[in-house]
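Q: Please take a close look at the packing in this model. Keep it brisk, and go part by part.

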Amino acid sequence: MRSALLAVCASAVLAVSGAAPAVADTSTPVRASAVASSPTFSPTSSPISLTSLTSLTSLTDLFAERLLVADKVAAAKYGTDKPIDDPVREQQILADVSARAVGLGLDPEAVAAVFRDQIEANKVVQRGLYARWDAHPELRPTERPDLVKEVRPILDRITTELLDALKETQGVRAGDSCELRLVLAAGRSAWEYRLDGLHLEGLGRAVPSVC
């Protein structure tokens, strides 16, 4: 499903925007000021509104934002002895979100699966950036963000917002139209956050456990 969803996400970006997304600006996640309605699918041409079908953007927007933060994680680790894979930290995150899920009335295993996908999506971006920087030294980051003081607070905030979004979208995610809504929401988020090819690949890896 992942590769197919990734391809459809790209198509959805083009359908919603009418143009290819720009390269991501990784300094600060920024949404586009507006997104044009699709000429072939719009609220006026369908009894189901585009807003309704993109009701999962509260999730996919956070996925996209988290993927852009991966650039900072990669910049902090590149050229150091810190590996991309951090099993201890990953288990801490999964244990934390599973415990918090119970308090929100969510299935802890399902929530852990969503966050596991976010972790793996983050690695997709990091590995892609490492390869890019290895091949093109002139593109290597000139600053090294502080993982503990600068990056993790952002990730912690996104984690809290993701948990809230999972609770708010619980009914939609259990519905028959979840996959369609997810594809459209992912495409819209990809455009609004101006994801480039690498980050779009990461978005495709981030979504399999949503529905």
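A: What follows starts with the core, then takes up a disulfide, a helix crossing and a tryptophan. The model is predicted.

Start with the largest nonpolar core. It has 50 residues. Five of them touch the most other members: Leu-59, Phe-63, Val-111, Phe-115 and Leu-203. Several helices feed this core. Helix 3 (57-77), helix 4, helix 5, helix 6, helix 8 (178-192) and helix 9 (197-206) each give at least two residues. Helix 3 supplies the largest share, 12 residues.

Now zoom in on Leu-203, one of those five. Set aside residues up to four places away in sequence. Leu-203 then touches Thr-60, Phe-63, Ala-64 and Leu-67. It also touches Ala-186, Ala-190 and Leu-195. Phe-63 appears again here: it is a partner of Leu-203, and it too is among the five residues that touch the most other core members.

Next comes the covalent link. The structure holds 1 disulfide. It joins Cys-178 and Cys-211, with the sulfur atoms 2.0 Å apart. The angle about the S-S bond is -85°, and the link is left-handed. The pair connects distant parts of the chain, 33 residues apart. Cys-178 sits in helix 8, while Cys-211 lies in the segment after helix 9. Their surroundings can be compared through accessibility. Cys-178 has a relative accessible area of 2%, so it is buried. Cys-211 is at 40%, so it counts as partly exposed.

Turn to a helix pair. Helix 4 (residues 87-103) and helix 6 (residues 147-168) have axes that come within 11 Å. They cross at roughly 35°, and the crossing is right-handed. On the helix 4 side, Arg-89, Val-97 and Arg-100 make the contact. On the helix 6 side, the contact uses Arg-152, Asp-156, Thr-159, Thr-160 and Leu-163. By class, that gives 4 charged, 2 polar and 2 nonpolar residues.

Last, Trp-133. This residue lies in helix 5 (residues 108-135). Its relative accessibility is 7%, under the 20% limit, so Trp-133 counts as buried. What does it touch, leaving aside neighbours within four places in sequence? Its contacts are Asp-71, Ala-74, Ala-75 and Tyr-78, along with Leu-139, Arg-140 and Pro-141. Take Tyr-78 from that list. Trp-133 and Tyr-78 are 55 residues apart in sequence, yet their C-alpha atoms are 8.9 Å apart in space.

Key:
Residues are numbered from 1 along each chain as its sequence is written. This is a predicted model: local features need pLDDT of at least 70, side-chain atom pairs count only at pLDDT 80 or more; totals for chains, interfaces and linings use all residues. Side-chain values use heavy atoms; hydrogens and water are left out. Axes are lines fitted to C-alpha atoms, for helices over the stretch in contact, and angles run from 0 to 180 degrees between N-to-C directions. Helices (H or I, at least four residues) and strands (E, at least two) are DSSP runs, numbered from the N terminus. A crossing is left-handed if the near helix is turned anticlockwise from the far one by less than a right angle, and right-handed if clockwise. Contact means heavy atoms within 4.5 Å. Ala, Val, Leu, Ile, Met, Phe, Trp, Tyr, Cys and Pro count as nonpolar, Asp, Glu, Lys and Arg as charged, and the others, Gly among them, as polar. Buried means under 20% relative accessible area, exposed over 50%, partly exposed in between (1.4 Å probe, protein chains only). A nonpolar core is a set of buried Ala, Val, Leu, Ile, Met, Phe, Trp, Tyr and Cys residues joined through side-chain atoms within 4.5 Å. A disulfide is a pair of cysteine sulfur atoms within 2.5 Å.
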